[in-house]
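Subject: Structure handover

Hello,

Here is the structure I promised to pass on. Please open it alongside this email, and keep the sequence at hand.

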Amino acid sequence: MRRSVAVRLSAVAGVAGVAGAIALGLPQLEASAATGGVTGYATQNGGTTGGAGGATVKASTGTQIHAALCGRAASNTPITIQVEGTINHGNTAKVSGSSCNTAAGVIELKDISNVTIVGVGSGATFDQLGIHIRNSSNIIIQNVTVKNVKKSGSPTSNGGDAIGMESTVRNVWVDHVTLEASGGESEGFDGLFDMKDDVEYVTLSYAILRNSGRGGLIGSSESDTGNNFITFHHNKYENIDSRTPLLRGGTAHIYNNHYFSLNESGINSRAGAKAKVDNNYFQNSKDVLGTFYTDQLGSWQVSGNIFDNVTWSAPGTDNRPAGPNVTSNTTVSIPYSFTLDGASCVPSIVAATAGANKGLAVSNGNCSVTTSPSTPTSPSGSPSTSPSTSPSPSTSPTGQPSGTNLSIGAGADGSSKASGTSFGNVRDGNLSTIWSPSGATGDISIKWGSATTVSKINIREASGSSIGNYQVLNGATGAVLKSGTGGGVITFPATSTTKITFKITSSSGTPKIAEFETYAS
């Protein structure tokens with residue numbers, strides 16, 4: 001790397017982003033997995049649900065994370081691992097088992113699927129310890145900090161990448177994370193967010209990447225062009241030399257990010273890559289978009305970006321900056337829906353939402369911040385399949401909905417996971433029959449033979465029930481429609497689907513659902 005990032009740390013230490021007052025006003029809420037709903041390319045190829053529908057365990061060491069993975073029935077058994085505390089080399093050992101493939105000194109998500117790792121409580125920090133995803137699919141990493149991972153010096157981990165993916169990886173959502181180094185390659189660091197050797201359908205959202213020589217790459221060489229379909233949105237790149245990202249082949253959608261102090265180059269589209277670059281805010285930076293350090297050109301489609309104090313180099317054989325007159329030289333079709341914040345408000349929105357321990361706050365797509373509902377804390381201790389407790393909600397539903405209960409009648413059916421009693425008891429119109437999971441958490445679903453529009457459900461609890469936190473999911477896609485606590489009437493935007501799932505993620509006892517009613521309005 002051409003210049004050391006370490007010598008510039010003090011120059012940006014005082015920069016917290018524009019309109020920091022917005023961030024200071026946010027409530028510091030606890031985190032649960034995937035509260036805001038997956039976005040971008042991670043919604044494609046069947047979607048990304050992580051550990052939804054599986055057990056929730058707790059971990060305060062890397063060894064406990066590995067033990068949770070190895071303790072599953074199979075390598076694809078869904079699991080959510082709530083992490084609190086500092087994970088480092090001293091507490092991260094290899095654990096063996098038929099459902100895992102782990103190693104010491106790195107969080108190894110290898111040859112597995114259907115896993116969520118989420119920071120809770122006072123926060124989760126992976127200190128000098130990287131997260132390695134290899135030959136795996138359907139992974140969510142949320143609300144964690146990964147810092148100072150080295151490839152040289154001591155200690156080393158994950159090839160120097162904070163989060164690295166390689167060798168046939170599909171459907172990964174990394175959200176509300178802070179990834180940081182303390183210098184460039186000469187100080188022993190490599191990339192913050194790297195993908196290589198056949199990685200597809202990834203979203204990085206609401207993240208902070210800072211103080212590194214390399215933000216991240218997609219493709220390890222000019223011949224590694226089989227990586228594709230990556231979304232970057234509402235991220236803050238700060239004090240980075242290059243690679244924000246470096247894209248070799250494939251397609252990336254890059255929108256509503258705030259780039260501050262890119263010291264050598266920024267978005268580097270090369271070797272036939274295509275980048276759709278929408279409504280970003282580039283500030284106090286150099287050569288923020290183009291093809292750099294190669295004669296193998298890439299391309300870009302641009303709209304709505306703001307270039308604030310950006311300087312541009314003269315073009316050359318191996319240096320083709322997009323500016324100063326930035327125009328499109330390709331077109332890119334995006335298969336998913338998205339809403340753009342105006343570029344002028346991006347610095348304030350990103351300052352208020354991006355990074356770990358921000359309460360999973362997100363943009364509402366209209367230059368305003370939406371905070372996630374309060375979710376459970378995670379006490380320290382050994383991993384446990386018992387979720388954290390929550391106060392018992394009222395068992396009386398508020399306001400019986402009018403209209404037809406779609407859970408009963410022609411075309412309706414049901415299903416459940418972790419159940420100890422029949423799912424049919426919630427769709428029989430009989431309040432004296434109930435469904436309960438075999439433990440404190442579980443899923444119950446209503447499904448139909450054809451698409452049905454639902455905007456309201458009524459969870460009618462039996463006496464003594466103790467539902468804590470829940471998620472309402474579009475069972476056909478895994479999208480989170482609503483999160484909260486307790487039962488009763490729950491409304492959400494009208495959704496056309498073949499399956500609605502009520503997912504109980506915590507309780508203070510045994511949940512008891514007498515009826516799971518669904519309504520069109």
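Below is what was found in it, taken topic by topic.

Please keep in mind that this is a predicted model.

**Disulfides**

How many disulfides are there? The count comes to 2. As a reminder, a disulfide is a covalent bond between the sulfur atoms of two cysteines. If the bonded cysteines of the chain are numbered in sequence order, the pairing reads 1-2, 3-4.

Start with C70 and C100. Their sulfur atoms lie 1.9 Å apart, and the two form a disulfide. The torsion about this S-S bond is about 95°, so the disulfide of C70 and C100 is right-handed. The pair links distant parts of the chain, 30 residues apart. C70 sits in helix α3, which covers residues 62–70. C100 sits in the loop between β2 (79–87) and β3 (107–110). Are these two cysteines buried or exposed? Both C70 and C100 are buried.

The other bond joins C345 and C367. Here the sulfur atoms are 2.0 Å apart. The value about the S-S bond is -70°, and the link of C345 and C367 is left-handed. C345 lies in the loop between β26 (319–321) and α4 (346–353), while C367 lies in the loop between β27 (362–363) and β28 (369–370), so the pair ties together parts that are 22 residues apart in sequence. In space, the C-alpha atoms of C345 and C367 are 6.0 Å apart.

Why does C345 count as buried? Its relative accessibility is 11%, and the cut-off for buried is under 20%. C367 has a relative accessibility of 34%, so this cysteine counts as partly exposed.

**Helix α3**

Now back to the helix that holds C70. How many residues of α3 are buried? The helix is mostly covered, with 7 of its 9 residues buried. The buried residues are G62, Q64, I65, H66, A68, L69 and C70. Which elements cover them? Among them are the strands β1 (55–59), β2, β3 and β4 (113–127). Two of these, β2 and β3, also flank the loop that carries C100.

**Cavities**

A search of the whole structure finds 4 cavities of 30 Å³ or more. Take a look at the second largest cavity, with a volume of about 40 Å³. Which residues line it? The lining consists of K147, N148, V149, G160, D161, A162, E180, A181, F189, D190, G191 and L192. By class, this lining has 5 nonpolar, 3 polar and 4 charged residues.

One of the lining residues, G191, deserves a stop. G191 is placed in the loop between β10 (178–183) and β11 (193–196). With a relative accessible area of 1%, G191 is buried. Leaving aside neighbours within four places in sequence, G191 is in contact with G160, D161, A162, R214 and G215. G160, D161 and A162 also appear in the lining of the second largest cavity. G215 is 24 residues away from G191 in sequence, yet their C-alpha atoms are 5.5 Å apart in space.

**Two residues with polar contacts**

Next is E200, in strand β12 (residues 199–205). Is E200 buried or exposed? At 15% relative accessibility, E200 counts as buried. The side chain of E200 makes a polar contact with the side chain of R170, at 3.4 Å. Not counting residues up to four places away in sequence, E200 touches V169, R170, N171, G226, N228 and F229.

Last is T497, in strand β33 (residues 488–504). T497 is buried as well, with a relative accessible area of 3%. Which side chain meets that of T497 in a polar contact? The partner is N474, at 2.6 Å. Beyond residues up to four places away in sequence, T497 touches W448, S450, A451, T452, N474, G475 and A476.

**Where to look**

For a quick tour, begin at the disulfide of C70 and C100. Then go to the disulfide of C345 and C367. After that, find G191 in the loop between β10 and β11. Finish with E200 in β12 and T497 in β33.

Best wishes

Terms used: Residues are numbered from 1 along each chain as its sequence is written. This is a predicted model: local features need pLDDT of at least 70, side-chain atom pairs count only at pLDDT 80 or more; totals for chains, interfaces and linings use all residues. Side-chain values use heavy atoms; hydrogens and water are left out. A disulfide is a pair of cysteine sulfur atoms within 2.5 Å. Helices (H or I, at least four residues) and strands (E, at least two) are DSSP runs, numbered from the N terminus. Buried means under 20% relative accessible area, exposed over 50%, partly exposed in between (1.4 Å probe, protein chains only). A polar contact is a pair of N or O atoms within 3.5 Å; within protein, one must be able to donate a hydrogen and the other to accept it, and residues adjacent in sequence count only if both atoms are side-chain atoms. Contact means heavy atoms within 4.5 Å. On a 1 Å grid over the protein atoms alone, a cavity is a set of points where a 1.4 Å probe fits but cannot get out, and a pocket is an open set with protein on both sides within 12 Å along at least five of seven lines; lining residues have an atom within 4 Å of a point. Grid points are joined across faces, edges and corners, and a volume is the space filled by probe spheres set on the points. Ala, Val, Leu, Ile, Met, Phe, Trp, Tyr, Cys and Pro count as nonpolar, Asp, Glu, Lys and Arg as charged, and the others, Gly among them, as polar.
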